Amino acid sequence: MIYKIHPLSESAITVYFEQKVSEEINNQVLSAKKWIEENPFAGLLEVVPAIASFTVFYDLLEVKRHCEFSGLAFDFVKAYLENMPWQNLPNFNREVERVEIPVRYNGPDLELVAAHCQKSVEQIVEMHTAAVYRVFMMGFLPGFAYLGGMNKALATPRKAEPRLRVKAGSVGIAGEQTGVYPLDSPGGWQIIGETDLKLFDPNETELSLLKAGDEVVFRAV
C-alpha cells in the first residue's frame, strides 16, 4: 500500500494515495475510514474521506491526555496511521445503495452543452441517463456528491463567469464531472436539467441522501 501522510493543521492529518479517480483507490479510502472508526484512538473526532485521500481530525488535548506518548499529538496520530493493518484492511463492503434521480432535462445550458459536444439534445440526455455513477466523495456544499462515471463525450468546460445563484436541484456538467446542487448556491456548472428530489435536509436524521460509495442513476421525466 503506497501512501503519504501530511499534517493539515495542528489537529488534522491527511493520508494521500495515488491521486487519480479510481474505484479501487476510493475503496481503500473507505476501508481505512471504516477501520479507524471501528478502532478509534482517544481524541478521534472524525474521518473525512475524499476521492483518493482521507483526513483524520482529532482533539489534540484529548490525545495528549489519554495516550501514553511523550511527543506531539501529530506524532502519535501519524504512528497510529502507519501501524494500521494496511495489507489486511476489511474490504469496503457496506451494502451499496443505488439512488435514482428523476430529471427534467430543460436546463438553460442544455443546448450549449449539445453544441459543444456536437451532439443533439436527445443524444445528450440519452448519454447522461445511460451511465451508472459512483459517489466518490461528498463536499463543496452539504449533500453535494462528486460523481464518477460520466461519458467523456459529455465533458464541457465550466462557465467563464459563474452564476450568482443556481437553484437547488439543478443538474450540471463541469469538465468531466456531473452533479446536482443540493442547495441554492453560486456556481459555474453548465445546467442541463433539474430534479425535485431533495439531496440535503437538515430536518432528517440522515442529512444527506447520498453517501460515499453509493451509486446514482439519472432518469429523464
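This report describes the fold, cores, main pocket and three loop residues of a predicted model.

## Overall build

The protein has 221 residues, and 47% of them are buried. Five helices and 13 strands make up its secondary structure. Along the principal axes, the C-alpha trace spans about 65 × 35 × 35 Å.

Many contacts link distant parts of the sequence. Take the contacts between residues at least 6 apart in sequence: 60% of these join residues at least 24 apart.

## The β3–β4 hairpin

Strands β3 and β4 form a hairpin, with three residues between them. The two strands run antiparallel and are joined by five bridges. Within this pairing, L44 stands opposite Y58 of β4. In a regular strand, side chains alternate between the two faces of the sheet.

## Two nonpolar cores

The largest nonpolar core holds 27 residues. Inside this core, I36, F41, F54, V56 and L81 have the most contacts. The elements giving two or more residues to the core are β2 (12-16), α1, β3, β4 (53-58) and α3 (73-82). Helix α3 supplies the largest share, six residues.

V56 shows how such a residue is surrounded. Not counting residues up to four places away in sequence, V56 touches S11, A12, I13, I36, F41, L44, E46, V77 and L81. I36, F41 and L81 are also among the residues with the most contacts inside the core.

Another core, of 26 residues, lies apart from this one. Its members include I101, V113, A114 and V135.

## The largest pocket

The largest pocket encloses about 530 Å³ of space. Its lining comes from 23 residues. Nearest the centre of the pocket lie K33, M138, L210, K211 and A212. Three elements give two or more residues to the lining: α1 (23-38), β3 (44-49) and β6 (133-138).

What is the chemical make-up of the lining of the largest pocket? The lining divides into 13 nonpolar, seven charged and three polar residues.

Helix α1 and strand β3 each give two or more residues to this lining. Both also give two or more residues to the largest nonpolar core.

## W189 and D109: buried loop residues

W189 is found in the loop between β11 (185-187) and β12 (190-194). Is W189 buried or exposed? Its relative accessibility is 7%, so W189 counts as buried, the cut-off for buried being under 20%.

Leaving aside neighbours within four places in sequence, W189 contacts D109, F144, R158, K159, R163, G172, I173, A174, Q177, T178, G179 and Y181. One of these, T178, is 11 residues away along the chain. The C-alpha atoms of W189 and T178 are separated by 8.6 Å.

D109 sits in the loop between β5 (98-103) and α4 (110-117). D109 is buried because its relative accessible area is 3%, where buried means under 20%. With neighbours within four places set aside, D109 contacts K159, R163, W189, Q190 and I191. K159 and R163 also appear among the contacts of W189.

## Q19: an exposed loop residue

Q19 lies in the loop between β2 and α1. Its relative accessible area is 54%, so Q19 is exposed; the cut-off for exposed is over 50%.

Which residues does Q19 contact, leaving aside its neighbours within four places in sequence? They are A52 and S53. A52 is 33 residues from Q19 along the chain. Their C-alpha atoms are separated by 5.7 Å.

Note on methods
Residues numbered from 1 in each chain as written. Predicted model: local features only at pLDDT ≥ 70, side-chain atom pairs only at ≥ 80, totals over all residues. Heavy atoms only, no water. 1 Å grid on protein atoms, 1.4 Å probe; cavity = no way out; pocket = protein on both sides within 12 Å on 5 of 7 lines; lining within 4 Å. Points joined across faces, edges and corners; volume = space filled by probe spheres on them. Helix = DSSP H or I, 4+ residues; strand = E, 2+ residues; numbered from the N terminus. Nonpolar A, V, L, I, M, F, W, Y, C, P; charged D, E, K, R; others polar. Core = buried A, V, L, I, M, F, W, Y, C linked by side-chain atoms within 4.5 Å. Buried < 20%, exposed > 50% of the residue type's maximum accessible area, 1.4 Å probe, protein only. Contact = heavy atoms within 4.5 Å. Pairing = 2+ DSSP bridges.
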